[in-house]
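Subject: Structure for you to look at

Hi,

Here is the structure I promised to pass on. Have a look at it first, then read my notes below with the viewer open.

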Amino acid sequence: MTAKIVFLPGDGVGPEVADAAVLVLTRVAKRHDVDLSVEYHPFGGVAIDACGAPFPDETRAACKAADAVFLGAVGGPKWDGAEVRPEAGLLDMRKTLGVYANLRPLRVIAGTEDFSPLKRENVDGVNIMIVRELTGGVYFGDRVEGVERAVDECLYTREEVERVARVAFEAARGRKGHVTSVDKANVMATSRLWRHVVSDLHARDYSDVTLHHQ
C-alpha cells in the first residue's frame, strides 16, 4: 500500500512543522508497512511570491490527486494589506476539496491541569471535540468592498448545516453522547435555520444523543 501525501509547508513556522511531520509519518508508516509518497508544493504567501497565486493550479491538481494533504501555516506580516492575501488560498482549498468540517479536539492530560491559566476545577478532566463548519456562512457569501460601505453576506443552506451536524452527532456517539450546538438564533436568521435543521436531524436520526442549544 502506498499513501500519497501532499505537503503544503506554507509560511512562517510552516516548513519547520511540515518537516517534523514527515519524520513522524515516515516512522509510523515503516512500523505499519505502509509506503509513503511525499510531495511538497507551494501554498499561501510563498506561492504568491513564486507563482502569483496562493493556491496555484499545480498545487490544486496535486491536492485533488492525493490521499491526504498536510498544511503547515498560512500568512504573515509580509502579505498584510496586499491585494492578494495568502488566506484566500485557504478558503479556495476548503471549497475545492469539500472539507466542510473542522475537528478540533481539546483534552487536558492528567498532571497538566496547573499549566492552564484557568482554575483547576474548570479544566480537570476536560475532553471536548469542537466541530466547526468551514465552507458556508459569511466567509463564502457574496461581498461588496468599499471605504464607505461594505457588505459580507452570511448564507447557509439546509444541506450545509445538516452535513456538519451529522459529523458532530456521529462523533458524539463514540464519545459521551452529548452535542452542544452553538448559534446566534436570538439575532440571526441563519442561526435560526441552523437550530431548526440541527433539531430536525436530531429528532429524525440521533435521538439517542443528548442535544443542547447554546
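Let's start with a question: which helices and strands each supply at least two residues of the lining of the largest pocket? They are β5 (127-133), α6 (158-173), β8 and α7. Before you go hunting for them, keep in mind that this is a predicted model.

**The pocket**

The volume of the largest pocket comes to about 1,100 Å³. Its lining is made up of 39 residues. If you want to find the centre, look for Ile-130, Val-131, Thr-180, Ser-181 and Val-182, which lie nearest to it. Strand β5 is the top contributor to the lining, giving 7 residues.

**The chain as a whole**

Now zoom out. You should be able to count 7 helices and 9 strands in the protein chain. The C-alpha trace spans about 55 × 50 × 40 Å along its principal axes. Of the 214 residues, 31% are buried. Here's another number to think about: take the contacts between residues at least 6 apart in sequence, and 67% of them join residues at least 24 apart.

**A three-stranded sheet**

Next, go to the start of the chain. Three strands make an open sheet there, in the order β2-β1-β3, with parallel pairing. Which strands sit at the edges? Those are β2 (35-40) and β3 (68-73), each of which pairs on one side only. On average, neighbouring strands in this sheet are turned by 25 degrees against each other, ignoring direction. As a bit of background, strands of a sheet pair through backbone hydrogen bonds, and they can do that in a parallel or an antiparallel way.

Strand β1 covers residues 2-10, and 6 bridges join it to β2. One pair to click on is Thr-2 and Asp-35, which are bridge partners. Then look for helix α1 (residues 14-31), which lies across β1, β2 and β3. Helix α1 runs at about 165 degrees to β1.

**Strands β8 and β9**

Back to one of the pocket strands. Strand β8 (residues 178-181) has side chains that alternate. Val-179 and Ser-181 point to one face and are buried, while His-178 and Thr-180 point to the other face and are not. Strand β8 runs parallel to β9 (residues 210-213), and 4 bridges join the two. Across from Thr-180 in β9 you will find His-212. Put helix α7 (residues 189-205) together with β8 and β9, and you have a right-handed β-α-β unit.

**Four residues to click on**

- Ala-165 is in helix α6. Is Ala-165 buried or exposed? Its relative accessible area is 8%, under the 20% cut-off, so Ala-165 counts as buried. Leaving aside neighbours within four places in sequence, Ala-165 is in contact with Val-198 and Leu-201. The C-alpha atoms of Ala-165 and Arg-132 are 9.4 Å apart, although 33 residues separate them along the chain.

- Ser-191 belongs to helix α7. Its relative accessible area is 10%, so Ser-191 is buried. Not counting residues up to four places away in sequence, Ser-191 touches Asp-183, Lys-184 and Ala-185.

- Gly-75 is in the loop between β3 and α4 (86-97). Gly-75 has 18% relative accessibility, so it counts as buried. Setting aside residues up to four places away in sequence, Gly-75 touches Asp-11, Pro-86 and Glu-87. Gly-75 and Gly-12 are 63 residues apart along the chain, yet their C-alpha atoms are separated by 7.4 Å.

- Asp-33 sits in the loop between α1 and β2. Is this residue buried or exposed? Asp-33 has 68% relative accessibility, over the 50% cut-off, so Asp-33 counts as exposed. Check its backbone too: Asp-33 has a positive phi of about 55 degrees, although it is not a glycine. For background, most residues other than glycine have a negative phi.

That's the tour. Click around, and send me your questions.

Cheers

Key: Residues are numbered from 1 along each chain as its sequence is written. This is a predicted model: local features need pLDDT of at least 70, side-chain atom pairs count only at pLDDT 80 or more; totals for chains, interfaces and linings use all residues. Side-chain values use heavy atoms; hydrogens and water are left out. Two strands pair if DSSP finds at least two bridges between them. Axes are lines fitted to C-alpha atoms, for helices over the stretch in contact, and angles run from 0 to 180 degrees between N-to-C directions. Contact means heavy atoms within 4.5 Å. Buried means under 20% relative accessible area, exposed over 50%, partly exposed in between (1.4 Å probe, protein chains only). A crossover is right-handed if, with the strands pointing away from the viewer, the path from the first strand over the helix to the second runs clockwise. On a 1 Å grid over the protein atoms alone, a cavity is a set of points where a 1.4 Å probe fits but cannot get out, and a pocket is an open set with protein on both sides within 12 Å along at least five of seven lines; lining residues have an atom within 4 Å of a point. Grid points are joined across faces, edges and corners, and a volume is the space filled by probe spheres set on the points.
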